[in-house]
Amino acid sequence: MKLATGAALSGFLPDWVLAGEQLANVKKSTEALSDKLTPLKDITAYNNFYEFGTSKEDPAQNAGSLKTRPWTITVEGEVNKPRVFDIEELLKLAPMEERVYRLRCVEAWSMVIPWVGYSLAELLKRVEPTGKAKFVEFVSLEDPKQMPGQKSATLDWPYREGLRIDEAMHPLTLLAAGLYGEVLPKQNGAPIRLVVPWKYGYKSAKSIVKIRLVEKQPVTSWMKAGPNEYGFYSNVNPAVDHPRWTQAKERRIGEFLKRPTLPFNGYADQVAQLYSGMDLTKNF
Ligand SMILES: Nc1nc2c(c(=O)[nH]1)N[C@H]1C(S)=C(S)[C@@H](COP(=O)(O)O)O[C@H]1N2
Ligand SMILES: [Mo]
């Protein structure tokens, strides 16, 4: 169905009317996360996607101009088999799974989202990273004609993010193509985005066109915008405040009372060992 997702309709119509295209052969989530899912209309109407404007309503309103086909993703740099993947090929590269993850924005709000995708490691192992591949850089689309927010220098375009190679290879790190069983709404980063659930939301780059494996730590768009506020690691850490607000608590979208923020956003059991020996107050 080709109905506009989100946008002005979301307030008036039930979720099913917003249904986009179903993703085929999705393996249901096995992980039992007790948190209640955030409703589709909140996930699609309250977004950060600066390429479409800086207010939370802008992406749902403006992302219609994004063309998600044709689309290619270039994987290059320190790899033995650099490749340009067509999106259709990428969608079939590995079995799609549903993964229910918490997403915690640095602005101290959070959601619980049933993503659909597969581990980024599936893609990375196919291009064979070399011994020099220490970091992975993610680059989002740059096209001010499709992305009106890029006419303003709110960030250094294109949007760039990065991970250390072991973080990128961690099975939790998801290359997502959908949510709630459907193709990703444009405002959520169609046609393909990253989801790194133990880090602040901005690490999860949307509408990715390039993945570059590199030897040196990349400089991200947010580090350029404010190096004291947005570090490279950006692990969710209730003990390290943002310079302008506390990170101790968060507002789960749809809830009234704030809840305490969990170290590594609740994924400490799975990822804390990646940082053993590191001072995470300095490497924030
Ligand atoms: N390209 C791009 N990716 C982005 C952003 C952005 O502005 N541009 N915003 C980030 C931020 S700050 C958050 S919190 C999440 C929000 O994802 P969601 O709107 O799908 O929940 O996307 C992240 N990825
Ligand atoms: Mo965010």
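In this predicted model, five strands make up an open sheet. Their order is β2-β1-β10-β5-β6, and the pairing is mixed. The edges are held by β2 (83–86) and β6 (160–164). Each edge strand has a single partner strand, so one of its sides is left without a neighbour in the sheet. On average, neighbouring strands of the sheet are turned by 15° against each other, direction ignored.

Strand β10 spans residues 208–214 and stands between β1 and β5 in the strand order. Its two pairings run in opposite senses: β1 and β10 are parallel, whereas β5 and β10 are antiparallel. Four bridges join β1 (residues 72–77) to β10. In this pairing, V75 has I211 as its bridge partner, and T74 stands opposite K210. On the other flank, six bridges join β5 (residues 135–140) to β10. Here V136 is bridged to L213. Strand β10 is also mostly covered. Of its seven residues, five are buried.

Helix α4 packs on this sheet. The helix touches four strands, namely β1, β2, β5 and β10. Its direction makes about 60° with that of β10. Helix α4 comprises residues 120–127. Its buried residues include L120, A121, L123, L124 and V127. These five cover an arc of only 160° around the axis, which places them on the same side of α4. Residue E128 follows the helix. The phi angle of E128 is positive, near 55°.

Ligand 1 is surrounded by 15 residues. Those that come nearest are N47, Y50, E51, R193 and K206. Two of these nearest residues, Y50 and E51, make polar contacts with the ligand. For Y50, a backbone N or O atom lies 2.8 Å from an oxygen atom of ligand 1. For E51, the atom is a polar one of the side chain, and it lies 2.8 Å from a nitrogen atom of the ligand. A further contact comes from S140, a residue of strand β5. A polar side-chain atom of S140 lies 3.0 Å from a nitrogen atom of ligand 1. Strand β5, which is joined to β10 by six bridges, thus also contributes a residue to the ligand contacts.

Methods. Residues numbered from 1 in each chain as written. Chains lettered and ligands numbered in written order. Predicted model: local features only at pLDDT ≥ 70, side-chain atom pairs only at ≥ 80, totals over all residues. Heavy atoms only, no water. Buried < 20%, exposed > 50% of the residue type's maximum accessible area, 1.4 Å probe, protein only. Pairing = 2+ DSSP bridges. Arc of directions from axis to C-beta. Axes fitted to C-alpha atoms, helices over the stretch in contact; angles between N-to-C directions. Contact = heavy atoms within 4.5 Å. Near = heavy atom within 4 Å. Polar contact = N/O pair within 3.5 Å; in protein donor to acceptor, adjacent residues only side chain to side chain.
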